[in-house]
Amino acid sequence: MRIFIVGAGEVGLHIASSLVGEGHDLVVIERSETKVAELQSSLDVLAILGDGCDAETLKSRGVQNADLFFAVSNDDAANLLAALTAKKLGAARCVVRVGSPYHGSNPLLRAEPDIVPLYPEKLVAQEILGLTRVPGVSKARYFHDRKLVLLKARPSSRADIYDRPLKDIDGPEGWILTGISRSGSIVIPRGDTVLRPGEPVYAVGRPDSIPAFLESIGVSSRPTRKVVIAGAGQVGAWLAQMLIDERIEVTVVQRGSRRAFQLAAQVPDALVLRGDATDPKMLREAGVGEADYFVAATQDDETNILSSLLSRELGANSVITLYHRPEFLSVLKAVRIDLPLSPRLMIAGTILRMVHRREIQSLDLVEGGDAEVVEFEVRERAKVLKRHLRDLKFPRESIIGAVVRGDEVLIPEGNFKFQKGDGCLVFTRTESLPELESMFRGKG
């Protein structure tokens with residue numbers, strides 16, 4: 001594929017680094033000379049110093065032959081203009097990063113079916129909302145029209161699941177362990193795998209039996225009633241409204257008075273306090289000690305980390321911390337923040353899904369991108385058809401979580417055979433994805 005990326009910030013750089021090893025023809029356009037130099041020295045891409053809104057620049061680099069055009073700078077208006085220009089010049093499909101909802105409703109954008117708006121901040125807010133719906137987990141992602149759910153949770157040290165192989169453990173019906181976070185990496189479990197206390201696990205099952213699964217690993221939960229959010233930016237605004245819609249009490253702490261007043265008008269049922277989220281007195285006034293969740297959602301990583309640590313000390317039941325610079329993940333792990341979220345990883349799966357073939361219905365990155373949860377549709381002439389599962393030679397670093405056939409959710413065993421139209425959820429280390437794609441590749 002010929003792929004253009006306008007903007008080499010956090011999002012653009014992550015897209016480029018994710019795609020560079022897949023053999024695509026990548027062109028990155030960036031206004032900053034420093035960022036262009038960094039790209040040229042670190043990635044095998046064509047990095048151009050220029051304006052992605054400039055028609056002459058786009059034409060000279062062959063945008064008319066582009067299969068995908070990503071406009072992902074931090075400037076909504078520039079992204080919209082770049083995408084509209086590229087589409088007019090012949091780009092097949094454009095993706096526009098949009099922060100403000102009113103930009104997404106622009107009639108020029110809505111009139112173009114091949115220009116797709118992408119809301120990173122909304123995706124982050126939806127991810128956090130999912131966590132508040134399943135207290136006690138650090139990830140909750142639904143698949144196949146909510147017929148399946150992937151959970152990440154840390155089992156209790158008192159749970160009866162240690163010191164014996166997984167094949168000897170009877171878990172809840174319809175649930176399968178798909179991954180173990182061990183020593184900074186991901187382990188795909190086998191029958192002889194033995195769990196160690198303190199290791200977070202990934203599991204796939206039916207949403208209606210989530211309580212049974214959490215009980216089996218000793219995780220207790222209580223309904224979410226109160227959430228305190230630090231930061232009234234786009235993530236904070238989206239999240240506040242989503243939580244209010246679910247009848248959850250929301251308090252937002254915002255440093256700038258102008259933005260605080262804007263959010264108070266935008267989400268009138270939320271309590272908006274003007275103050276510094278790194279001030280313990282301010283956090284006490286916001287009621288952090290009684291909060292089921294504290295969400296650090298400012299644009300500043302240092303502020304998010306400090307306010308998270310203070311909130312935990314003040315009694316917040318769970319702490320969710322946004323981080324924008326990848327190097328801060330190790331810091332968050334070192335200070336034992338269990339719910340770190342990266343906006344760039346939130347959108348990476350969505351973007352990679354657009355690049356891959358139609359067999360992939362959705363794709364979600366986990367463990368900092370070391371592993372992926374991929375939703376395949378079994379199409380005509382796919383290699384997985386007509387043979388038993390035991391004979392398919394699945395990649396060793398991959399595991400099938402479940403198969404959806406109509407309204408049925410199936411946990412396949414060795415004598416299982418796929419049928420055309422099946423939905424298959426696979427948990428895999430990233431390096432095994434090309435082999436899986438080849439197996440599920442079909443026609444129609």
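Student: In this predicted model, is Cys53 buried or exposed?

Tutor: The model is a prediction, and the value asked for is computed from it. A residue counts as buried when its relative accessible area is under 20%. Cys53 has a relative accessibility of 16%, so Cys53 is buried.

Student: How many disulfides does the structure hold?

Tutor: A disulfide requires two cysteine sulfur atoms within 2.5 Å. The number of disulfides in the structure is 0.

Student: Which cysteine sulfur is nearest to that of Cys53, and how far away is it?

Tutor: Cys53 takes part in no disulfide. Cys94 is likewise in no disulfide, and its own nearest cysteine sulfur belongs to Cys53. For Cys53, the nearest cysteine sulfur is that of Cys94, at 12 Å.

Student: What is the relative accessibility of Cys94, and is this residue buried or exposed?

Tutor: The cut-off for burial is a relative accessible area under 20%. Cys94 therefore counts as buried, its relative accessibility being 0%.

Student: Where does strand E2 lie with respect to the rest of the structure?

Tutor: Strand E2 spans residues 25–30, and 5 of these 6 residues are buried. The strand is therefore, by the rest of the structure, largely enclosed.

Student: In which sense do E1 and E2 pair, and which residue of E2 stands opposite Phe4?

Tutor: Strand E1, residues 2–6, is joined to E2 by 5 bridges. The sense of this pairing is parallel. Opposite Phe4, the residue in E2 is Val27.

Student: Which helix lies between E1 and E2 in their β-α-β unit, and what is the hand of that unit?

Tutor: The unit consists of E1, a helix and E2. The helix is H1, residues 10–19, and the hand of the unit is right-handed.

Student: How many bridges join E2 to E3, and which residue is the partner of Glu30?

Tutor: E3 covers residues 46–49 and runs parallel to E2, with 4 bridges between them. Helix H2, residues 33–42, completes a right-handed β-α-β unit with these two strands. The bridge partner of Glu30 in E3 is Leu49.

Student: Which residues does Ala47 contact beyond its neighbours within four places in sequence?

Tutor: Ala47 belongs to strand E3 and is buried, with a relative accessible area of 9%. Its C-alpha lies 6.1 Å from that of Val27, although the two residues are 20 apart in sequence. Leaving aside neighbours within four places, the contacts of Ala47 are Val28, Val36, Leu39 and Gln40.

Student: Which strands are the edges of the open sheet that contains E11?

Tutor: This open sheet has 5 strands in the order E7-E8-E11-E9-E10, with antiparallel pairing. An edge strand here pairs on one side only, and the edges are E7 (139–143) and E10 (185–187).

Student: Which residue of E11 stands opposite Ile180?

Tutor: E9 (residues 176–182) and E11 (residues 201–205) are antiparallel and joined by 4 bridges. Opposite Ile180, the residue in E11 is Val201.

Student: Which strands do the buried residues of helix H15 pack against?

Tutor: H15, residues 433–440, has Leu433, Leu436, Glu437, Met439 and Phe440 buried. These residues cover an arc of only 160 degrees around the axis, so they lie on the same side of H15. The strands against which they pack are E18 (360–366), E19 (371–377), E20 (398–405) and E22 (423–429).

How values were computed:
Residues are numbered from 1 along each chain as its sequence is written. This is a predicted model: local features need pLDDT of at least 70, side-chain atom pairs count only at pLDDT 80 or more; totals for chains, interfaces and linings use all residues. Side-chain values use heavy atoms; hydrogens and water are left out. Buried means under 20% relative accessible area, exposed over 50%, partly exposed in between (1.4 Å probe, protein chains only). Two strands pair if DSSP finds at least two bridges between them. A crossover is right-handed if, with the strands pointing away from the viewer, the path from the first strand over the helix to the second runs clockwise. The arc is that of the directions from the helix axis to the C-beta atoms. Contact means heavy atoms within 4.5 Å.
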